[in-house]
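These notebook entries record what I looked up in one structure. I took up surface, pocket and charge pairs in turn.

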Amino acid sequence: MKDYDEPLWNGCTNHSELSVVAQVFTIKSDHGLSEAGYDKIIEWARSILPEGNRVKENFYAAKSMMKPLGLGYQKIDICPNFCMFYYLENVEMIESMTCGHSRYKPRTGRGKTLVAYKKLRFFPITPRLQRLFMSPRTAEHMTWHQSHHAVDGVMVHPSDGEAWKHFNSVHPHFSAESRNVRLGLCTDGFNPFGSFAAPYSCWPVILTV
């Protein structure tokens, strides 16, 4: 919150230390910028801004500033044949209980760190939902389905639909609390590298509020 309120330089009214980091992070993500490229842009930006500006000097410093937001992710080893996670009670296993495939790639030298064949990136949903209720502005949106006035024959929100109303009738205890969150699940495959690596694909599983 302190970084959010801190102006980028004394007298700056349209950017804060946090807003700049968030926007440059978005540009890095949208355009596939490397960390080295990020650092070069920041180095150039700092050179043209007023003395005493608070732009974080590199990617590492910016990432360290964003870390306390708590929106990180967990890496979970998975079987390359997609038959199991090495998680919870299976976290110490070194081969799949289903297909027998090794969890780790063969070591190339003594003392080398074990490297898993495949990893899953898991973004925990609980802290993200908590943050939606931390701000009065977003908290209002989280309960809007209960407070808005529905017009017969007009659907402006999923709560106006028959599926939502049916859920309310089946689960009245859940629907009585407007802060309870309903999630939609979607998944699809995409190739993150376009036509340059056609055999490679990602299958994100996404929960939406």
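**Entry 1: a surface position.** I began with Val 205, which I located in strand β4. The model is a predicted one, and I read every value below with that in mind. Is Val 205 buried or exposed? I found a relative accessible area of 61% for Val 205, and because exposed means over 50%, this residue counts as exposed. I then looked for its nonpolar surroundings: Val 205 contributes to a nonpolar surface patch of about 500 Å², together with Leu 183, Leu 185, Leu 207 and Val 209.

**Entry 2: the largest pocket.** I next looked up the largest pocket and noted a space of about 1300 Å³. Which elements give two or more residues to its lining? I recorded β2 (118-122), α5 (125-134) and β4 (205-208). Strand β2 supplies the largest share, 5 residues. I counted 29 lining residues in the record of this pocket, and those nearest its centre are Leu 120, Arg 121, Trp 203, Pro 204 and Val 205. Val 205 therefore appears both in this list and among the exposed residues. By class, the lining divides into 23 nonpolar, 2 polar and 4 charged residues.

**Entry 3: a loop residue.** I turned to Leu 71, in the loop between α4 (59-66) and β1 (74-78). Its relative accessible area is 41%, so I entered Leu 71 as partly exposed. I also checked its separation from Arg 131: the two lie 60 residues apart along the chain, with their C-alpha atoms 9.4 Å apart.

**Entry 4: salt bridges.** How many salt bridges does a search of the whole structure find? The search returned 4. One of them pairs Lys 56 with Glu 17, at 3.2 Å between the closest N and O atoms. I noted that this pair links distant parts of the chain, 39 residues apart, with Lys 56 in the loop between α3 (35-48) and α4 and Glu 17 in helix α2 (residues 17-30). Lys 56 is partly exposed at 23%, whereas Glu 17 is buried at 9%.

I then examined Asp 77 and Arg 103, whose closest N and O atoms are 2.9 Å apart in a salt bridge. Asp 77 belongs to strand β1 and Arg 103 to the loop between β1 and β2, 26 residues apart. I entered both Asp 77 and Arg 103 as buried.

Finally, I recorded the salt bridge between Glu 177 and Arg 179, at 3.0 Å from N to O. Glu 177 is partly exposed at 29%, and Arg 179 is exposed at 52%. I closed with a network in which salt bridges that share partners join Asp 77, Arg 103 and Lys 119.

Note on methods. Residues are numbered from 1 along each chain as its sequence is written. This is a predicted model: local features need pLDDT of at least 70, side-chain atom pairs count only at pLDDT 80 or more; totals for chains, interfaces and linings use all residues. Side-chain values use heavy atoms; hydrogens and water are left out. On a 1 Å grid over the protein atoms alone, a cavity is a set of points where a 1.4 Å probe fits but cannot get out, and a pocket is an open set with protein on both sides within 12 Å along at least five of seven lines; lining residues have an atom within 4 Å of a point. Grid points are joined across faces, edges and corners, and a volume is the space filled by probe spheres set on the points. Helices (H or I, at least four residues) and strands (E, at least two) are DSSP runs, numbered from the N terminus. Ala, Val, Leu, Ile, Met, Phe, Trp, Tyr, Cys and Pro count as nonpolar, Asp, Glu, Lys and Arg as charged, and the others, Gly among them, as polar. Patches are made of residues with over 30% relative accessible area and no salt bridge: like charges are joined within 9 Å, nonpolar side chains (Val, Leu, Ile, Met, Phe, Trp, Tyr) within 5 Å. Accessible areas come from the Shrake-Rupley method with a 1.4 Å probe; for residues, only the protein chains shown count as cover. A salt bridge is a side-chain nitrogen of Lys or Arg within 4 Å of a carboxyl oxygen of Asp or Glu. Buried means under 20% relative accessible area, exposed over 50%, partly exposed in between (1.4 Å probe, protein chains only).
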